[in-house]
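Work through these exercises with the structure open beside you. Try each task before you read its solution.

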Amino acid sequence: MVLAASCGHETPAHTIAVSKDPVSVRGWIEDVAGSQKAATPEMESARRGQIFQATQIWVENADYVSGGVAENGSFILLDVPPGNVTIGFSAPGADQARLVLQNIPGRADVFLPGVILKPNGATLVKPEDVKVRVAADVKKPTPAGSSATVAGMTVPVFDVPLSAMVDRHDYPKPTGFQPLATFK
């Protein structure tokens with residue numbers, strides 16, 4: 001289920017550069033724009049499951065990034081460089097989909113729920129649910145006083161207690177998608 005996502009030329013392991021302040025990017029793919037919905041919940045689950053299984057994900061111009069897309073559409077990318085990065089997706093009906101992240105601080109966790117893939121682009125079902133957070137010595141989430149840009153939207157960066165970051169290495173659970181195996 002977890003695949004090594006990498007872009008560019010192959011590099012010997014001893015020369016791979018990984019940021020000292022890596023970013024995690026997590027979320028889930030909701031669907032591909034323009035896809036024909038199936039007639040029943042079971043068929044819709046099977047249709048979306050096939051899309052997710054065929055989807056590839058990578059970070060452009062990164063020597064090494066670990067992660068992948070799960071069968072339920074959730075994805076995780078670890079060791080993403082901070083700053084300005086482009087996440088690439090290739091899925092049936094959405095070849096070369098792109099999601100641009102800008103001004104992402106080091107050690108951040110970027111949460112992207114409900115990504116809709118489309119040729120050469122991507123949108124978000126609920127852009128207001130996008131989160132950029134960084135572990136800090138705070139008791140509750142606090143605006144960090146800076147912002148990032150996610151898919152063209154300005155998103156505030158929040159400092160959060162370290163305990164709030166325990167999920168940054170986990171695949172998130174998509175809302176609204178029921179894998180075919182759960183239908184009986």
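A salt bridge is a side-chain nitrogen of Lys or Arg within 4 Å of a carboxyl oxygen of Asp or Glu. By this rule the count comes to 10 salt bridges. Keep in mind that the model is predicted.

**Exercise 1. The overall fold**

Task: Describe the order of the elements and the extent of burial in the protein.

Solution:
- Step 1. Count the elements. The protein has one helix and 12 strands.
- Step 2. Put them in order. From the N terminus, the run is β-β-α-β-β-β-β-β-β-β-β-β-β.
- Step 3. Check burial. Of the 184 residues, 42% are buried.
- Step 4. Look at the surface. The protein exposes about 9700 Å², and carbon and sulfur atoms supply 54% of that area.
- Step 5. Look at contacts. Take those with a separation of 6 or more: 63% of them join residues 24 or more positions apart.

**Exercise 2. Strand β2 and its partners**

Task: Find which strands are joined to β2, and in which direction each pair runs.

Solution:
- Step 1. Locate the strand. Strand β2 covers residues 23–32. Nine of its 10 residues are buried, so the strand is largely enclosed by the rest of the structure.
- Step 2. Take strand β5, residues 74–80. Five bridges join β2 to β5, and the two run antiparallel. Gly-27 has Phe-75 of β5 as its bridge partner.
- Step 3. Take strand β8, residues 108–118. Seven bridges join β2 to β8, and these two run parallel. Here Ile-29 has Val-115 as its bridge partner.

**Exercise 3. Three salt bridges**

Task: For the salt bridges of Arg-107 with Asp-21, Asp-167 with Arg-26 and Asp-31 with Arg-47, say where each residue lies and how exposed it is.

Solution: Start with the principle. Side chains of opposite charge can pair when their charged atoms come close. For burial, use the cut-offs: under 20% relative accessible area is buried, over 50% is exposed, and partly exposed is in between.

- Step 1. Arg-107 and Asp-21 meet in a salt bridge, with N to O at 3.7 Å. Arg-107 lies in the loop between β7 and β8, and Asp-21 in the loop between β1 and β2, so the pair ties together parts 86 residues apart in sequence. Arg-107 has a relative accessible area of 43%, so it is partly exposed. Asp-21 is partly exposed too, at 32%.
- Step 2. Asp-167 forms a salt bridge with Arg-26, and the closest N and O atoms are 3.6 Å apart. Asp-167 lies in the segment after β12 and Arg-26 in strand β2, so this pair ties together parts 141 residues apart in sequence. Asp-167 is partly exposed at 27%, whereas Arg-26 is buried at 4%.
- Step 3. Asp-31 forms a salt bridge with Arg-47, and the closest N and O atoms are 2.7 Å apart. The pair links strand β2, which holds Asp-31, to helix α1, which holds Arg-47; they are 16 residues apart. Asp-31 is buried at 5% relative accessibility. Arg-47 is buried at 14%.

**Exercise 4. A network and a helix residue**

Task: Name the residues linked with Arg-26 in a network of salt bridges, then list the contacts of Glu-44 beyond its neighbours within four places in sequence.

Solution:
- Step 1. The network links Arg-26, Asp-109, Arg-133 and Asp-167.
- Step 2. Turn to Glu-44, which lies in helix α1. At 15% relative accessibility, Glu-44 counts as buried.
- Step 3. Leave aside its neighbours within four places. Glu-44 is then in contact with Asp-31, Lys-37 and Ala-38.

**Exercise 5. Aromatic pairs**

Task: Classify the ring pairs Trp-28 with Phe-111 and Phe-75 with Phe-89.

Solution: Planes under 30 degrees apart count as stacked, over 60 as edge-to-face and the rest as tilted. The count comes to two aromatic pairs.

- Step 1. The ring centres of Trp-28 and Phe-111 are 5.8 Å apart and the planes are at 70°, so the pair is edge-to-face. Trp-28 lies in strand β2 and Phe-111 in strand β8, so the pair ties together parts 83 residues apart in sequence. Trp-28 is buried at 7%, and Phe-111 is buried at 16%.
- Step 2. The ring centres of Phe-75 and Phe-89 are 5.5 Å apart and the planes are at 75°, so this pair is edge-to-face. Phe-75 is in strand β5 and Phe-89 in strand β6, 14 residues apart. Phe-75 is buried at 0%, and Phe-89 is buried at 1%.

Conventions
Residues are numbered from 1 along each chain as its sequence is written. This is a predicted model: local features need pLDDT of at least 70, side-chain atom pairs count only at pLDDT 80 or more; totals for chains, interfaces and linings use all residues. Side-chain values use heavy atoms; hydrogens and water are left out. Helices (H or I, at least four residues) and strands (E, at least two) are DSSP runs, numbered from the N terminus. Buried means under 20% relative accessible area, exposed over 50%, partly exposed in between (1.4 Å probe, protein chains only). Contact means heavy atoms within 4.5 Å. Accessible areas come from the Shrake-Rupley method with a 1.4 Å probe; for residues, only the protein chains shown count as cover. Two strands pair if DSSP finds at least two bridges between them. Rings of Phe, Tyr and Trp (its six-membered ring) pair if their centres lie within 6.5 Å; planes under 30 degrees apart count as stacked, over 60 as edge-to-face and the rest as tilted.
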